[in-house]
Amino acid sequence: MDTSTIVILDFGSQYTQLIARRIREFNVFSVVLPCTVPLEQIKALAPLGIILSGGPCSVYDADAPAADPAMLALGVPVLGICYGLQYITHHLGGRVESAPSREYGHAEVSIVRETPLFRGLPATMNVWMSHGDNAVELPPGFELTAQTANATAGIANEQRKIWAVQFHPEVAHTPQGMELLKNFVLDICGAKADWTPEHFIQTTVERVREQVGDGHAICGLSGGVDSSVAAVLVAKAIGDRLTCIFVNNGVLRKDEFAKVQKTTREQLGLNVVAVDAAARFLAKLAGVTDPETKRKVIGNEFIAVFDDEAAKILAADVAANKTLAWLVQGTLYPDVIESSSVKGPSQTIKSHHNVGGLPENMRLKLIEPLRDLFKDEVRRIGRDLGMPAEIIERQPFPGPGLAVRILGEVTPERVALLQEADEIVVAEIKAAGLYRQVWQSFAVLLPVKSVGVMGDQRTYAYTCAVRAVHSEDGMTADWAPLPYEVLRRISSRIVSEVRGINRVVYDITSKPPGTIEWE
């Protein structure tokens with residue numbers, strides 16, 4: 001690794017990815033590893049600092065994560081956060097007990113001793129707490145640096161380069177949290193702000209060029225941000241030796257099949273093989289109403305179509321004495337973290353992140369150029385690559401497409417209805433200047449019909465739900481309070497222009513308890 005690296009050891013906190021994102025905001029590279037990782041793997045990264053995340057366990061529980069305490073003696077600065085403070089206390093000779101007064105939510109912390117970690121911070125801070133245990137006895141050589149009315153809030157042993165806080169500096173509810181993390185990463189660890197889009201592009205292109213050599217690669221293209229940026233990066237390295245396969249699964253947005261081909265070929269200069277398999281997919285979806293079955297049907301059929309096209313490319317390459325050896329995927333860092341979490345490998349791989357099922361005799365090796373990036377970083381890379389805003393600013397779109405936005409059976413008629421309604425929703429959100437402010441905005445077709453009156457005539461037609469949410473990463477989301485005027489225009493246009501829909505409702509459910517998609 002030729003950039004400064006901070007290692008984050010994940011003890012199972014819901015905020016671990018957020019710690020990594022915050023450090024990346026300083027243009028410093030961060031890596032999340034399960035806390036149970038072997039010590040040699042940490043040392044191999046030559047980190048300038050180590051951060052211990054929070055976690056749901058108590059350090060004295062029998063099933064507490066079995067992390068190696070030797071990581072505290074590597075000689076690099078260590079910052080413990082929440083459970084991380086308790087882990088340090090417990091393993092270095094202190095004592096942690098269940099607290100009589102638990103702290104969840106906002107709290108006020110008083111700094112009782114100046115340390116480099118708190119440099120430039122006020123004497124009292126509003127912070128976010130989430131703990132039921134307390135460090136009641138500090139390890140030898142440690143000093144109390146901060147406290148609340150109820151608990152130990154900060155400890156340090158500067159001689160051993162170990163600091164810890166009980167609160168969460170990585171969340172927005174701790175206003176001075178970024179300054180604290182900056183003190184640790186840039187000042188205490190001495191990390192350089194050299195993790196930039198330019199550096200990433202240059203090193204990735206060089207690495208892919210070296211990996212592929214004179215071979216060829218294929219890429220499953222969806223037209224979304226991730227697969228498009230991955231394809232452009234690989235094409236920058238190997239040129240027309242990359243072939244992209246774009247499949248029309250019958251549940252794309254209106255005119256998407258034609259638009260994506262035009263954009264990727266004319267504006268991105270990619271070599272695209274387009275396969276119109278809409279009839280094939282819709283035939284498989286006939287009569288299917290269960291959401292998970294829909295996903296599996298679409299996923300399996302995509303694999304079959306992709307296999308067919310990849311086999312044709314492979315046969316042509318063999319005939320031309322070329323070597324097709326690589327498969328490009330737009331896997332992002334959250335997927336990597338999830339699959340190696342301290343909580344264990346994810347049981348379900350998202351179908352749109354995994355081509356899978358390719359014939360063994362093809363022996364394709366994976367290229368995942370974006371596997372170190374979060375979504376917002378992928379957009380930054382795309383902008384630096386000069387990609388058009390219409391691709392870079394696209395909102396996330398589910399792998400199974402409109403099939404999970406049509407409740408009940410997916411039919412050609414229902415797909416057409418939803419395509420028209422969805423286009424109106426997106427157009428009006430864009431016209432109001434809100435498209436980049438919301439995480440996702442779309443229409444859902446409900447299997448509910450209601451009576452209406454249009455032109456003095458009775459109607460009996462479908463109901464359409466409109467969904468718009470704010471989110472940072474899709475893991476949690478709040479419904480977006482769209483202006484009434486925007487909702488009025490959306491409703492008026494859908495009912496007037498889409499024959500078959502006579503009622504529009506707005507979804508005001510956050511995630512949790514709901515999900516962003518309806519299926």
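Let's start with Cys 82. In this predicted model, its relative accessibility is 4%, so Cys 82 counts as buried. Cys 82 takes part in no disulfide. Its nearest cysteine sulfur belongs to Cys 57, and that is 12 Å away.

Now Cys 219. Relative accessibility here is 1%, so Cys 219 is buried too. The nearest cysteine sulfur is that of Cys 244, at 4.7 Å. A disulfide needs the two sulfur atoms within 2.5 Å, so a pair at 4.7 Å does not count. How many disulfides does the structure hold in total? The count is 0.

Next, the nonpolar cores. The largest has 108 residues. Which members touch the most others? They are Leu 9, Leu 52, Met 71, Val 229 and Leu 242. Which helix gives the most to this core? Helix 6, residues 225-238, with 10 residues. There is another core, apart from this one, with 46 residues. Its members include Ala 277, Ile 313, Val 466 and Leu 482. As background, nonpolar side chains in soluble globular proteins tend to be buried together.

Let me zoom in on Leu 9. I'm skipping its neighbours within four places in sequence. Beyond those, Leu 9 contacts Leu 52 and Met 71. Both of these are also on the list of residues touching the most other core members. The contacts of Leu 9 also include Leu 33, Pro 34, Cys 35 and Val 37. Ile 42, Ile 50, Ile 51 and Ser 53 are in contact with Leu 9 as well.

On to helix 1, residues 16-24. Mostly covered or not? Mostly covered: 9 of its 9 residues are buried. That takes in Leu 18, Ile 19, Ala 20 and Ile 23. It also takes in Thr 16 and Gln 17, plus Arg 21, Arg 22 and Arg 24.

Now backbone geometry. After helix 1, in the loop before strand 2 (29-34), sits Asn 27. Asn 27 is not a glycine, yet its phi is positive, near 60°. Its relative accessible area is 23%, so Asn 27 is partly exposed.

Ala 46 also has a positive phi, near 45°. You'll find Ala 46 in the loop between helix 2 (39-44) and strand 3 (49-52). Is Ala 46 buried or exposed? Exposed, because its relative accessibility is 54%.

Last item: cis peptides. Lys 511 and Pro 512 are joined by one, with omega about -15°. The bond from Pro 512 to Pro 513 is cis as well, omega near 10°. Where is Pro 512? In the segment after strand 18 (501-506). Pro 513 lies in the segment after strand 18 too.

Technical notes:
Residues are numbered from 1 along each chain as its sequence is written. This is a predicted model: local features need pLDDT of at least 70, side-chain atom pairs count only at pLDDT 80 or more; totals for chains, interfaces and linings use all residues. Side-chain values use heavy atoms; hydrogens and water are left out. A nonpolar core is a set of buried Ala, Val, Leu, Ile, Met, Phe, Trp, Tyr and Cys residues joined through side-chain atoms within 4.5 Å. Buried means under 20% relative accessible area, exposed over 50%, partly exposed in between (1.4 Å probe, protein chains only). Helices (H or I, at least four residues) and strands (E, at least two) are DSSP runs, numbered from the N terminus. Contact means heavy atoms within 4.5 Å.
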